[in-house]
Amino acid sequence: MIKHLKILEFALSSLWRRKFKNLGLIVVFSLIIFTLSSIVFLTYSFKREAVAVLKDAPELIVQRLSAGRHEMMPVEYMKKIKDIPGVGKIVPRLWGYYYDISTGGNYTVMALREGLQDKISLMEGSFVVGSGSCVVGRGVADARFLDIGSIMPLIGADGKVRRFRVAGIFTDESNLLTNDLVIIGEKDFREVFRIPQSIATDIVVQIYNPTEVDNIARKIKEALPDTRPITRREILRTYDTLFDWRSGMVLTMFLGAILAFVILAWDKATGLSAEERHEIAILKAIGWETSDVMELKFWEGFIISSLSFLTGLIGGYLHIYFFGASIFSPALKGWSVIFPEFRLVPYINIYQIAVLLFFTVIPYMAATIVPSWKAAITDPDVVMRG
Amino acid sequence: MILHPGIIALLVGSLIVLALLLYGSVLAVVILRRWDIKSSSEFQLGLERKTYLVSTIMSFVLGFEVLAIFLFIYTVDDLHRQFVGAMCATGSLNANPVGWYVLYVKMLLFFISSLWIGINYVDQRTEGFPLVRFKYGMLLLVAPLVLVDVYLQSRYFLGLTPDIITSCCGALFSKEGGGLSSSLSSLPVRPMRYIFFTVLGLYVLAGLISLKRQKGIFRGLMGIFSVIVFLISLASIISFVSLYFYEIPTHHCPFDILQGYYNYIGYPLYGALFSGTAFGLLTGFTEILKKLFPSLEKINRYQRKWTILSILFMVIFTLISLYPMLFSSFTLEGY
């Protein structure tokens with residue numbers, strides 16, 4: 001045991017003697033790990049964010065399809081769904097998108113329905129949406145310079161401008177959900193978008209037993225063949241696949257960088273200076289075995305990779321959670337005129353670290369095995385004479 | 001194919017390791033054919049030097065395999081969210097049944113790898129390297145196995161498409177289903193419990209006796225016993241140990257205990273079982289080698305160490321599986 005520690009000590013001091021040669025390698029290695037760890041951290045945080053946001057989403061949403069496209073839903077469909085055992089409350093939803101010419105942003109406009117207040121309670125002002133008033137998200141308020149009491153105009157389907165007084169603004173905490181949201185009363189909504197009383201955008205179905213969701217979704221599909229039931233699990237799964245796919249894409253693109261690094265590491269390890277060869281020769285002459293020299297080389301690699309790994313990992317962590325992932329988020333997040341600003345919740349687990357290790361340290365170690373063996377079998381006799 | 005970071009890491013790592021291993025195998029073939037310890041030719045000297053390279057490559061490869069089995073199982077477990085109806089690793093494995101073979105091959109590789117590392121360890125510390133031929137012969141068996149592993153693993157991951165409706169552990173490991181997994185689940189709890197603890201107790205006893213008396217027979221017994229303990233433990237985990245962790249009398253899944261919801265207890269549980277078995281196997285296997293190569297007398301010292309480690313890991317395994325039986329309010333008396 002003590003022998004291994006002594007070799008480790010020797011490795012540390014020999015690295016220190018050649019700090020500048022090794023520093024280059026450590027910097028490049030750290031940068032690679034920084035990049036990869038940023039991607040992995042960012043993906044995981046997005047996934048968690050999606051889970052957190054969808055936690056309060058309805059178990060089941062039923063939409064109507066016509067010719068494969070989303071259609072408005074006749075309210076009478078609700079009766080048929082109501083008859084299915086296990087179904088709780090059924091609420092029709094009215095929502096849509098509104099393109100605002102003056103700001104160039106898309107808003108999500110939603111009609112107030114019962115239960116909505118309990119779900120999004122974070123706000124300043126009051127959540128009273130009567131006729132002619134509205135509640136807007138922070139992003140909308142900022143884009144249109146709205147304050148409580150200001151007027152928010154919406155151009156209706158008939159071309160007439162309708163004015164809504166802002167009764168409340170959602171706070172930053174619910175940003176991800178409410179940033180581009182405008183909530184108006186149901187009657188106003190139908191007027192603005194010219195939607196008759198008999199139809200809704202889609203239907204939210206409450207289900208008593210969460211394990212029955214898939215079953216009930218199937219039954220709805222059978223009873224109403226032109227509908228598309230969407231379960232919360234399905235949405236979550238889609239997000240999961242999407243973010244995995246995106247991060248996998250980016251990681252695959254970086255494989256080239258890893259390869260370049262491996263070649264660099266190989267090159268550094270192969271190109272021993274005359275001084276280093278001399279050193280190994282002397283070590284062997286004073287009784288070091290080939291396996292001892294290989295262990296020395298192993299420790300050197302170990303120190304370099306752990307140092308770079310920690311530096312890169314901490315750098316990636318800071319980049320994502322303190323500097324808001326400024327470099328990579330455009331590739332992984334998506335974009336929009338009114339885009340929520342959100343702080344990612346720090347999340348790190350052993351699995352992420354293991355994946356990063358597989359991506360970086362294992363190729364590095366593999367690249368240095370043969371060169372370090374070549375160094376270790378140096379014949380003292382030949383080197384010292386020549 | 002799913003572009004999951006874990007999948008890419010596994011595939012990339014496996015390819016690197018395979019390339020190294022093929023290189024090592026080429027060297028091994030040369031060593032096998034031309035090895036002559038008595039010769040003092042330059043060629044033999046070169047071969048002796050190459051053994052260092054091959055050992056290092058092999059330790060790297062096999063160390064990788066040990067890590068890879070955990071990464072694989074975690075990745076598979078992590079993937080389950082992308083399949084309809086899957087709730088843990090079982091679902092993801094069923095999504096493309098090749099996955100089960102990957103798991104079996106990886107388990108086999110784990111044990112062969114640890115045997116190889118142990119034998120190499122002994123060989124390098126024995127004068128004259130008596131085990132060189134044996135070692136490199138074994139290496140030529142490992143290489144195709146790794147090749148199979150890489151092939152199956154790629155086929156598994158490439159063949160995965162989300163949205164396949166898979167049956168989950170609830171269906172596979174329930175008493176009603178057919179096949180091996182459900183017959184394991186329906187093993188009666190009470191006799192199974194006796195068998196489990198008896199076998200573990202006997203194993204530890206055999207280990208202790210072999211420590212006390214320097215008789216080879218007990219060490220050999222440990223090797224055989226470790227395999228039996230391993231199989232019975234796996235069956236018991238499915239049959240009743242897992243139930244105590246879930247506190248549900250009908251849920252027999254061997255993978256759910258790996259999830260964060262159960263505090264990842266599965267990792268130390270399986271880790272201890274696999275390590276204990278590997279050290280037991282090593283003790284028994286080297287006992288046979290001792291009969292074949294008389295110059296391996298010094299091996300006793302290492303066997304002692306391995307026996308102690310094996311007992312230690314098995315005790316840890318027993319304690320972890322015992323813990324919920326003793327300290328949770330859940331009982332299986334009615335079953």
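Here is a short conversation about the two chains of this predicted model and how they are built.

Reader: Before we start, what should I know about numbering and confidence?
Author: Happy to help: residues are numbered from 1 along each chain as its sequence is written, while chains are lettered from A and ligands numbered from 1 in the order in which they are written. As this is a predicted model, local features need pLDDT of at least 70 and side-chain atom pairs count only at pLDDT 80 or more, whereas totals for chains, interfaces and linings use all residues.

Reader: How many helices and strands does chain B have?
Author: Helices (H or I, at least four residues) and strands (E, at least two) are DSSP runs, numbered from the N terminus. From that end, the elements of chain B run α-α-α-α-α-α-α-α-α-α-α. The count for chain B is 11 helices and 0 strands.

Reader: What percentage of the residues in chain B is buried?
Author: A residue is buried if 20 or more other C-beta atoms, placed from the backbone, lie within 10 Å of its own. Chain B has 335 residues, and the buried part is 44%.

Reader: Which helix gives the largest share of the largest nonpolar core?
Author: Such a core is a set of buried Ala, Val, Leu, Ile, Met, Phe, Trp, Tyr and Cys residues joined through C-beta atoms within 7 Å. The largest one has 123 residues, and those with the most contacts inside it include A:I33, A:L36, B:F60 and B:V61. Its largest share, 14 residues, comes from residues 216-246 of chain B, helix α9.

Reader: Which residues does B:V61 contact, leaving aside its neighbours within four places in sequence?
Author: Contact here asks that two C-beta atoms, placed from the backbone, lie within 7 Å. With those neighbours set aside, the partners of B:V61 are B:V17, B:L20 and B:L21.

Reader: How far apart are the centres of the two domains of chain B?
Author: The bounds come from an automatic or database domain assignment, which gives domain 1 (1-167) and domain 2 (170-329) in chain B. Taken over C-alpha atoms, the separation of their centres is 23 Å.

Reader: And which element gives the largest share of the side of domain 1 of chain B that touches domain 2 of chain B?
Author: The contact takes 17 residues from domain 1 of chain B and 20 residues from domain 2 of chain B. On the domain 1 side, the elements that give two or more residues are α2 (42-79), α3 (89-95) and α4 (98-124) of chain B. The largest share of that side, 6 residues, comes from α4(B).

Note on methods. A residue is buried if 20 or more other C-beta atoms lie within 10 Å of its own, exposed if 12 or fewer, and partly exposed in between; C-beta atoms are placed from the backbone.
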